[in-house]
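I opened my notebook today to see how one protein is put together. Come along and check each entry against the picture.

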Amino acid sequence: MRRWRLVLGGDEADGTGCALAGQDAAMDGALAALYGRGNQARSGRSRSAGLGASAPSVARWLGDIRTYFPSSVVQVMQRDAIDRLGLSTLLLEPEMLEAVEADVHLVGTLLSLNKAMPETTKETARAVVRKVVEDLEKRLATRTRATLTGALDRSARISRPRHHDIDWNRTIAANLKHYLPEYRTIVPERLIGYGRASQSVKKEVILCIDQSGSMAASVVYASVFGAVLASMRSIATRLVVFDTAVVDLTDQLDDPVDVLFGTQLGGGTDINRALAYCQSQITRPADTVVVLISDLYEGGIRNEMLKRVAAMKASGVQFVTLLALSDEGAPAYDREHAAALAALDAPAFACTPDLFPEVMAAAIEKRPLPIPDTR
C-alpha cells in the first residue's frame, strides 16, 4: 500500500488510505513538486508548478532527488523538470549547474542555451560538458578503436604477406582442397594476410551531422565518436555540422568539447547543401565512408539531395544514413525520404552508440550493414 500511495500521489481518489511519514513523505514531496497536479503547464495538461521559478527552491529539490533516487532516475526527473516546468533558464546560473546530475540530455540543453549563456556560466558549463564527454570516451573509445582496427586490417588484405601478417583462419579455409590425408596437413598454395605494417591513411570518414534541436543527443555522441576516429592514424576523419548553413569543425576534433560548443542547436535544415559540401571534400571515393546523421526533414531541394547520394554511391562511396545516434531508439523522421534513400541502397535507421562501431566496421569492409530489427 505504501508503494501504491507513492505511485498514485495521495489525491483524494487514490483509495489507499495510507499515510506517509519521514523519508517517504519527503520523497513524496519531491515527486509531487514535479508530477503532482497543480497549475497548468505550457502543454495545457494538468501539471505541477510546485518548484516555481525560484533558483533556491530548485537547488534544494535537486539535492532531494539525488538523496532519494538513483542516478538514472535523477536524470529522468531533471529532464522532465526542464520540459514540464520550463526550468532551462535556471541552467544559466553556475550554482544550478553545479547541482545537477550531468548526462547527454543535459549537455544537449546546455548547447541549445549556449548563445544566451553569460560569461560567468560558460566555464561551469564547459566543466559539466567535459565530464560527460570524458565518461562517454571511456565507455566507447576502446571498443571503437579495436573494432575499426580489425575492420581496417581485413579491408587491406594482401596476397604475399609476411609471416606475422598471415590471416591463418582465412588461409586455411582457402586451401582446404590442398589437404594431404597421409600427412594430415594442408599445403597452403595461396596465402591471405593483412597489410598491418602500413601506417598510411586507409579510409576517409566524413560525419555529416544535422544540428536541428531534435538531434541534440546525436550531436553529442557523434562529436565523441568523431574525436575517437580522428585519433586513429589510419582514418582521416572530417566532421561537418549543418542547419541551413554548413560548418566544418574538423580542425577542432582533438577536443570534442570544443566541437560541441562550436555547434548551434536549432534552426532549419538543408541536407542538400551539407551533402554538396561533403561531396566536394571527397578525394578517394572507393576508400570513403560518408555518415549522414539526420531525421531527414529536408528544407532544401529534395531531388538534388537524392541525386547527390546516388552520385556518391555510384563513385564507390559507402553511404550510411542514421536517423539518430542515441540510446532512445528511432525518433520522428521523414519516412518518404527514408524510403527514397533505401531505394538507392542507402537504408536509414536509428543506431545506438554501442552499435555504431559495428556499423562503421561493416561500412569500411563494404559488407551489409547490421541494421537493427525494428519489427
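How many of the 9 residues of helix α6 (residues 104–112) are buried? I counted 7, so to speak with the program's help, and I noted that the helix is mostly covered. The buried ones in α6 are Val104, Leu106, Val107, Gly108, Thr109, Leu110 and Leu111. I reminded myself that this is a predicted model.

**Entry: the whole chain.** I looked up the overall make-up and found 14 helices and 10 strands in the protein chain. Of its 375 residues, 47% count as buried. The accessible surface comes to about 18,400 Å², and carbon and sulfur atoms hold 50% of that. I also checked contacts with a separation of 6 or more: residues 24 or more positions apart account for 71% of them.

**Entry: the inside.** I went to the largest nonpolar core, which has 80 residues. Leu110, already on my α6 list, is among the members that touch the most others, along with Trp61, Val291 and Phe356. Helix α7 (residues 119–155) gives the most to this core, with 10 residues. Another core lies apart from it, with 24 residues that include Val240, Phe242, Leu323 and Ala340.

**Entry: one residue up close.** I picked Val291 and left out residues up to four places away in sequence. Val291 then touches Ile206, Leu207, Cys208, Val320, Leu322, Phe356 and Met360.

**Entry: the outside.** Is Trp4 buried or exposed? Trp4 counts as exposed because its relative accessibility is 54%, and the cut-off for exposed is over 50%. I found Trp4 in helix α1 (residues 2–8). Together with Val7 and Leu8, Trp4 makes a nonpolar surface patch of about 340 Å².

Key: Residues numbered from 1 in each chain as written. Predicted model: local features only at pLDDT ≥ 70, side-chain atom pairs only at ≥ 80, totals over all residues. Heavy atoms only, no water. Core = buried A, V, L, I, M, F, W, Y, C linked by side-chain atoms within 4.5 Å. Buried < 20%, exposed > 50% of the residue type's maximum accessible area, 1.4 Å probe, protein only. Helix = DSSP H or I, 4+ residues; strand = E, 2+ residues; numbered from the N terminus. Contact = heavy atoms within 4.5 Å. Patch = residues over 30% accessible without salt bridge, like charges linked within 9 Å, V, L, I, M, F, W, Y side chains within 5 Å. Areas by Shrake-Rupley, 256 points an atom, 1.4 Å probe, with all protein chains shown as cover. Salt bridge = Lys/Arg side-chain N within 4 Å of Asp/Glu carboxyl O.
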